[in-house]
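Biologist: Got a minute to go through this fold with me? I'd like to talk helices and a hairpin.

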Amino acid sequence: MKDRIIGGVIVIITVLIMLLPGGVVSASILGALSLIGVFEFYRVFQIERSIFAVISYLYTFFYYALLYLDKTSFIMPAVVGLLMLFLAIYVFAFPKYKDTDVFRAYIGFMYVAVLLSYVYRVRTLKQGLFLSFFILISSWGNDVFAYLVGSTIGKHKLSPKVSPKKSVEGFVGGIIGAAFVGAIYAFFMRNSIDISIVFCAMIAALGSIPSVIGDLAASAIKRNNEIKDYGKLIPGHGGILDRYDSVIFTAPIIYYLVLLFS
């Protein structure tokens with residue numbers, strides 16, 4: 001419990017330092033978290049020192065530089081270019097590398113670096129500082145309410161082979177809880193956010209659904225590869241992917257929901 005409290009404080013401080021300043025500070029911290037997360041993902045498949053991994057590490061810096069410089073029109077060419085580069089290495093070095101190395105390397109970059117970068121993209125929006133907290137409400141707020149409801153009245157398993165403790169009741173409770181917190185947050189921040197309280201509640205609720213999928217997906221990967229945690233960086237919590245697994249899936253949804261409802 002002591003380690004979890006210490007780890008929780010570290011995470012909260014990191015998130016505040018990451019979100020409050022914006023600009024180069026936010027981009028740099030998110031880039032560093034993405035780099036660590038990509039490394040953790042690759043280590044699961046023992047490709048963290050491969051040529052694909054080295055390129056992905058460098059590409060993570062390049063990708064965040066494009067975001068910071070607001071060169072978003074180059075994002076898709078960059079993502080496509082990375083796949084082409086991986087396939088070129090695979091072909092010309094054949095049969096040194098397996099096709100699974102290419103797929104795992106590319107998915108790892110997309111899964112961690114690209115999806116997590118949407119936290120920064122939300123932060124760069126108008127009123128982005130206040131809107132970015134919906135990512136935390138939808139992911140971590142959902143976790144809290146899902147646990148409270150599931151541990152109290154949960155009877156029907158949501159995905160017993162992946163996460164036996166998660167229940168359908170907890171899943172529904174997490175969505176409702178996220179909507180409630182989103183509405184309360186929007187009420188107190190009504191002078192700072194142009195989106196109505198009803199729409200803010202909808203954003204928090206809808207954003208909480210992929211957070212559950214993100215959590216379960218990360219757990220499924222760990223179960224498939226028989227590991228307990230992705231890392232030991234955060235005391236009592238594991239690695240970056242253990243703590244930010246739900247955020248990774250929530251951030252893109254929040255970004256596009258904000259664009260839709262604003």
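Here is our chat about it.

Modeller: Heads-up: this is a predicted model, so to speak of local features we need pLDDT of at least 70, and side-chain atom pairs count only at pLDDT 80 or more, while totals for chains, interfaces and linings use all residues. Numbering starts from 1 along each chain as its sequence is written, and side-chain values use heavy atoms, with hydrogens and water left out.

Biologist: How far does helix 4 reach from its first C-alpha to its last?

Modeller: Helices here are DSSP runs of H or I, at least four residues, numbered from the N terminus, and strands are E runs of at least two. The expected span is 1.5 Å times one less than the number of residues. Helix 4 covers residues 75-92, 18 residues, and its reach is close to the expected 26 Å: it comes to 26 Å.

Biologist: Why are the buried residues of helix 4 on the same side?

Modeller: Buried means under 20% relative accessible area, exposed over 50% and partly exposed in between, with a 1.4 Å probe and protein chains only. The buried ones are Ile75, Ala78, Val79, Leu82, Phe86 and Ile89. They sit on the same side of helix 4 because their arc around the axis, taken from the directions to the C-beta atoms, is only 105°.

Biologist: Which residue stands opposite Ser159 in strand 2?

Modeller: Strands pair if DSSP finds at least two bridges between them. Strand 1 (157-159) and strand 2 (163-167) run antiparallel, joined by two bridges, and form a hairpin with three residues between them. Opposite Ser159 is Ser163.
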